[in-house]
Amino acid sequence: MKIDSKMKVYAARLLTGAALGAIAAGSAAAQSDQIVVTATKRAQTLQEVPIAVTVVNDELIEKAQIQDLLDLQFSVPSLRISQLQNSSQTNFIIRGFGNGANNPGIESSVGVFIDGVYRSRSAAAILDLPVLERVEVLRGPQSTLFGKNTSAGAISITTKQPEFELGGSVEASYGNYDQILFSGTLTGPLTETLAFRVSGSINQREGYYTNVVTGADTNERGRWSTRAELLWEPSDVLSFRLVGDYNKIDEECCGAIQLFNGPATLAIGAPAPFGLGETIDTAGDTEYEVAFNTPPSNELTGKGVSLQGDWDLGAAQFTSITAYRTQTDNTETDADFSAADIITNPQDRQYKTFTQEIRLSSTGDNTVDWLVGAFYFDESVDFSRDVVSGTQTRAFIDGILAGGGISGLESALMLPAGTFLQPGAGYFGEYTMDNKSYSVYGQADIHLTDRLTLSGGVSWIKDKKDYTLNDINNEPFYNVDLVEVGFGGAFANITMLPPTPANIAALAGSPLPLAALAPGVVINPATGMPFAPGDVSTIGTVAGAIGATPCDATNPALLCNSALALSPLQFLPVPVNVPNPADPLDDGRLSDDKVTYTARIAYDVTDNLNAYFSYSTGWKAGAVNLSSDSMPPDPATGFGREAGPEDVELFELGFKAQFDRGYFNAAIFDQTIEGFQSNLFIGTGFVLANAEEQSVRGFEVETAYAPWDALSLTAGVTYLDPEFDSFPNAPCTSFAGFSVPECAAGATTFDASGFTPAGISEWSVSTSATYTHDMGNGAEGFIRAEYLFESDTQVVDNVSAAIASREVNVLNLSVGYESENGFQVMAWARNLTDDQYLLSAFPTVIQPGSFSGYLSPPRTYGLTVRKSF
């Protein structure tokens, strides 16, 4: 793929910046406090490693009061993390790419690793962070060394190991919304070769949303975690690290405000007999208020054990990492997001995951540094998801959305009044997925000279998924075939006989005088064109065509199917379970494999300026919609329950300049994803589709400078220019937020090639300043300010920018004091200016014309006391 003219402009800008960095460096000595990273699965300094990576160390985590991974994005401008419908739906995005938060069958494009163990589910990674050493955010595809689901990047978390010297710390925080946070760690020796560490935390906070129906709070915190470790070093060349952890989340989350109230939502608030007379949330306000009749509950439990062994063989080191994890996730959501009792959505998920990695890497200084390894992943998913009608479902749908049409359909079908939409009826789904993945990989760094290094890496990844879907739809209305209903009515109108099987069999093939039926109105299914006066057809053909023809201004009632007007209200379709006996290809099996590779050249221009150019590919395995709206592929659109793999290609040019009091790192890139797995909520379900090709071009700059010992300054700037390069059959429902003439004319798909994807800010800027003051007697104080800016962007593709757009301006502040004996006190504030912006937006469920959204957290502040020993 060629780098276009825009990329040449970016390159010129960054070459100028790199030259300035080199001039500033001059002959100054290298930075003494080197940051060590393992982005290439071997220890290198941040300035040496030829990868775009951001490191957040333990000191920054403490001073910035980073409490979980959600807070990391304020220190890494290319990273965005959002928590949506519940505590387990957390999405990671790097350079504008990422997905996988809403569905167990759709994995994340950003891999999360804790101490080398892959955390396959985002909920497993959102726990109060343990005692950390550093967090590395690797940008761009990392599939060659990190596996199948790192097509957009990887987050690698390294915790502190047990130590052979007794020590530890305790910490307590109190903040607004009655936040109470306790954490502590203790480490030390058990024998000369065996050390331990135990850690734990409790995080509780009242919710910052108010439910105006019940008066209760939501978006609270209720979490605790514990972790125990053993480090055994029986010899100088052999070590084992055993880790066990347990974490629990029990909280009400998450609130969604009303962005716009359409007629259906307004009718919920209208008094009887015009509506349901329930409280509705005022649209477009910035208050943290919701109107839910059912509190959103979340109960998550995660636990696991891992064992890492390292054996120094002299010229090489052998490493083995074995892990087993389980996670349960039980949630209940007020799925209509209103005070009316219309729909609830209980879900239960259980994941069991086993991973095994082995690798052998060279050690010491060599002409060729090499690494080979293999990775095995085995996960089982058990998932249940129900969509249950409430006590007001019938009144809402029949009285407000259908204008009595549901009752009329009951009457036409000669069913007892009240048959449809009774409380407790709905969809009840059970889903399973077994996922096995294998990969082997290798990489070599060839040092041609003291300054020039060529690197090459390759991996082969095999991924297999076997899944089942078993949905039971016990709601009679959802099971009515409205086309068949129309056929029966048309047959009766044409023949003046009841549509009994005997009458249909006897007369369906009889010739029909079309002139008597105003030809030209009904579509002939044989030709796809309207019937013409000279056409010859049969009673059965014409009745079938009328049954499938909706009423509009050109169709008289006799020649169209008025029941089809109710089809949008059948938002839970008749299930097609998997395996599907009617379609041998719909067998619940996905199997893909891919070879990914990396090629890189790195050159030390001077002792303080490094440059690199890399070409790499990445891969994410195919995905499946494990949900009640999962259907076989639509013959017209091709969209269905499965999406193919993502293939990623990246060109990147980078510079890393290091000088006496700081560094300047820059990268320009051109990244393309073929088959991007788009999964967008459209109000009645999700549309899973592969975009043929999506790309992002841009640049990143990160710099740190200490003009004098007491002051440290950092800045990070990211520019992104994303585009759907090719998306010829984009679903109209996924782009309802754009003005698309083809869709307005009634098409279901259109060509979105050239469109700019929503939700990706063009500019992101993250800056910080930390001033430290020597207060004498070994004590010091500090003050730190951190600011994040993201330029204005439309939030999601299917909600217009006029309703849902965002610009981010967040300021975090902390001030603290630390004595010589390890006592610390710190006051902090996050989002000090109380900036409000949308994390996401969506069409409100079964309320056409209404839109809801998730707000960013408000200002929080508090006081932390810590004692280290």
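This is a chat about the disulfides and one sheet of a predicted model.

Reader: Before we start, what kind of model is this, and how are residues numbered?
Author: It's a predicted model, where local features need pLDDT of at least 70, side-chain atom pairs count only at pLDDT 80 or more, and totals for chains, interfaces and linings use all residues. Residues are numbered from 1 along each chain as its sequence is written, and side-chain values use heavy atoms, with hydrogens and water left out.

Reader: Cool. How many disulfides does the structure hold?
Author: Three. A disulfide here is a pair of cysteine sulfur atoms within 2.5 Å.

Reader: What does C253 join to?
Author: C254, with an S to S distance of 1.9 Å. That link is right-handed, with 85° about the S-S bond.

Reader: And C551, is that one buried, exposed or partly exposed?
Author: C551 is partly exposed at 38% relative accessible area, while its disulfide partner, C560, is buried at 7%. Buried means under 20% relative accessible area, exposed over 50%, and partly exposed in between (1.4 Å probe, protein chains only).

Reader: What about C732 and C743, which way is their link handed?
Author: Left-handed, with -80° about the S-S bond. C732 lies in the loop between β35 (730-731) and α12 (741-744) and C743 in helix α12, so the pair ties together parts that are 11 residues apart in sequence. Helices (H or I, at least four residues) and strands (E, at least two) are DSSP runs, numbered from the N terminus.

Reader: New topic: in what order do the five strands of the open sheet come?
Author: β3-β8-β9-β6-β7, with mixed pairing. Two strands pair if DSSP finds at least two bridges between them. β3 (53-57) and β7 (117-119) are the edge strands.
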